[in-house]
2 protein chains.
Amino acid sequence: MVSKALIAASTKPMILSILAGGEIYGYQIIHSMIEISGGILEWSEGTIYPVLHRLEKDGFIRSQWKMSNNGRHRKYYRLTAFGRKELEKEKKQWMSVHNVLSKLWAPLPSFD
Amino acid sequence: MVSKALIAASTKPMILSILAGGEIYGYQIIHSMIEISGGILEWSEGTIYPVLHRLEKDGFIRSQWKMSNNGRHRKYYRLTAFGRKELEKEKKQWMSVHNVLSKLWAPLPSFD
DNA sequence: GTAATATACCTCGAACGTCTAGGTATGTCA
DNA sequence: TGACATACCTAGACGTTCGAGGTATATTAC
């Protein structure tokens with residue numbers, strides 16, 4: 001189980017990263033993430049849909065209704081150019097924090 | 001600048017990690033982090049003190065008032081055994097999320 | 001034909017977390 | 001005496017997740 005704070009920090013970069021791989025709809029994102037993470041991340045619908053709406057409102061992603069061949073309607077999302085830039089920012093931020101943690105977790109250097 | 005969500009996710013493991021290196025007081029933690037992170041993380045007092053109180057309430061750290069030789073009183077914190085275990089959990093969580101992101105950010109494998 | 005299950009979307013409100021802006025108090029230096 | 005650094009604290013605004021609820025359609029089993 002991953003803490004709420006970590007979920008909050010990783011959800012945005014994860015969704016943007018997934019969408020960088022091409023068009024995908026909400027319900028599929030949820031199940032893709034469970035698969036990709038090997039069950040570590042168990043996103044629920046109540047978590048993901050509001051995030052998708054916020055990302056669209058902020059202009060990072062854009063949605064389009066489509067009909068699948070089995071008659072169900074799906075809302076497909078894709079990354080905008082602005083969203084692609086945001087993903088790069090998110091990557092940089094994540095990596096900079098990760099580097100600080102890595103430094104703290106590294107075996108202490110010997111000052112000799 | 002690092003997003004609020006990332007701050008929220010990294011504050012706990014960072015503080016526990018810093019305390020794993022020995023006793024330290026709140027005000028010092030704030031300035032240590034700015035130095036360690038090279039200014040990437042600009043923790044404010046309003047962020048750190050409530051976190052320290054929560055960590056103590058949860059039993060991960062313990063505090064003790066001490067007088068410095070210049071007459072100022074400082075509240076020193078140190079890690080408990082329980083807190084050391086919690087730090088290991090936090091490390092694992094962070095790394096598992098980091099691994100998923102790394103996978104997503106890796107160049108796509110060619111399926112040929 | 002109808003019950004159960006899977007797909008696929010949505011929202012409300014409780015709970016929890018940060019952070020701005022304020023506060024207190026002491027020591028040092030000009 | 002004023003400015004600044006040190007060193008602690010908290011109230012309230014704001015933002016976020018997530019459980020629990022809702023709608024609707026397609027498929028499968030009985």
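## Two protein chains and two DNA strands

Visitor: Into how many nonpolar, polar and charged residues does the surface near DNA strand D divide?
Guide: Welcome, and please keep in mind that this is a predicted model. The surface near DNA strand D takes in 22 residues. By class, these residues divide into seven nonpolar, eight polar and seven charged.

Visitor: Which helices and strands each supply at least two residues of that surface near DNA strand D?
Guide: Both chains take part here. Chain A brings in α1 (4–20) and α3 (45–57). From chain B, the elements that each supply at least two residues are α2 (26–36), α3 (45–57) and β3.

Visitor: What share of the atoms of DNA strand D within 4 Å of the protein comes from sugar and phosphate?
Guide: Let's begin with the protein side, where B:Y25, B:Y27, B:E45, B:R74 and B:K75 come nearest among the 22 residues around DNA strand D. On the DNA side, count the atoms of DNA strand D that come within 4 Å of the protein. The sugar and phosphate share of those atoms is 70%.

Visitor: How many Å separate a phosphate oxygen of DNA strand D from a polar backbone atom of B:Y27?
Guide: A few polar contacts to phosphate oxygens of DNA strand D can be listed together. An N or O atom in the side chain of B:H53 is 3.1 Å from one, and for the side chain of B:Y25 the value is 2.7 Å. With B:Y27 a polar backbone atom is involved instead, and its distance to a phosphate oxygen is 2.4 Å.

Visitor: Let's turn to DNA strand C. Which residue has a side-chain N or O atom 2.7 Å from a phosphate oxygen of that strand?
Guide: Around DNA strand C there are 22 residues, of which A:Y25, A:Y27, A:E45, A:R74 and B:T47 come nearest. A:Y27 places a polar backbone atom 2.4 Å from a phosphate oxygen of DNA strand C. The side-chain contact at 2.7 Å to a phosphate oxygen belongs to B:T47.

Visitor: And which residue has a side-chain N or O atom 3.2 Å from a sugar or linking oxygen of DNA strand C?
Guide: Of the atoms of DNA strand C within 4 Å of the protein, 69% belong to sugar or phosphate, with bases making up the rest. The partner of that sugar or linking oxygen, at 3.2 Å, is B:R72.

Visitor: Which elements of chain B each supply at least two residues of the surface near DNA strand C?
Guide: The surface near DNA strand C is made of seven nonpolar, eight polar and seven charged residues. Chain A contributes α2 (26–36), α3 and β3 (73–79). The elements from chain B are α1 and α3.

Visitor: What kind of axis relates chain B to chain A?
Guide: Chain B superposes on chain A with an RMSD of 0.1 Å after a rotation of 180°, and the shift along the axis is 0.0 Å. That is the relation of a two-fold axis.

Visitor: Which residue of chain B comes closest to the rotation axis?
Guide: The copies meet through the same surface, because 100% of the interface residues of chain B are also interface residues in chain A. Judged by C-alpha position, the residue of chain B that comes closest to the rotation axis lies 3.1 Å from it, and that residue is B:A9.

Visitor: Which strands stand at the edges of the sheet in chain A?
Guide: The sheet of chain A is open, with three antiparallel strands in the order β1-β3-β2. Each edge strand has a single partner strand, so one side of each is left without a neighbour in the sheet. Those edge strands are β1 (24–25) and β2.

Visitor: What angle does the direction of α1(A) make with that of β3(A)?
Guide: Two bridges join β1(A) to β3(A), which run antiparallel. Helix α1(A) packs on the sheet and touches β1, β2 and β3 of chain A. Its direction makes an angle with that of β3(A) of about 95°.

Visitor: Which residue takes a positive phi in the hairpin of β2(A) and β3(A)?
Guide: Strand β2 (residues 61–67) of chain A pairs with β3(A) in the antiparallel sense over seven bridges, and A:S63 has A:Y77 as its bridge partner. Five residues lie between the strands of this hairpin. The residue with a positive phi, near 90°, is A:G71.

Visitor: Which residue in β3(B) is the bridge partner of B:Q64?
Guide: In chain B, β2(B) and strand β3 (residues 73–79) also pair in the antiparallel sense, over seven bridges. Along this pairing B:I61 stands opposite B:L79. For B:Q64, the bridge partner is B:Y76.

Note on methods: Residues numbered from 1 in each chain as written. Chains lettered and ligands numbered in written order. Predicted model: local features only at pLDDT ≥ 70, side-chain atom pairs only at ≥ 80, totals over all residues. Heavy atoms only, no water. Least-squares fit on C-alpha atoms with pLDDT ≥ 70 in both. Contact = heavy atoms within 4.5 Å. Pairing = 2+ DSSP bridges. Helix = DSSP H or I, 4+ residues; strand = E, 2+ residues; numbered from the N terminus. Near = heavy atom within 4 Å. Polar contact = N/O pair within 3.5 Å; in protein donor to acceptor, adjacent residues only side chain to side chain. Nonpolar A, V, L, I, M, F, W, Y, C, P; charged D, E, K, R; others polar. Axes fitted to C-alpha atoms, helices over the stretch in contact; angles between N-to-C directions.
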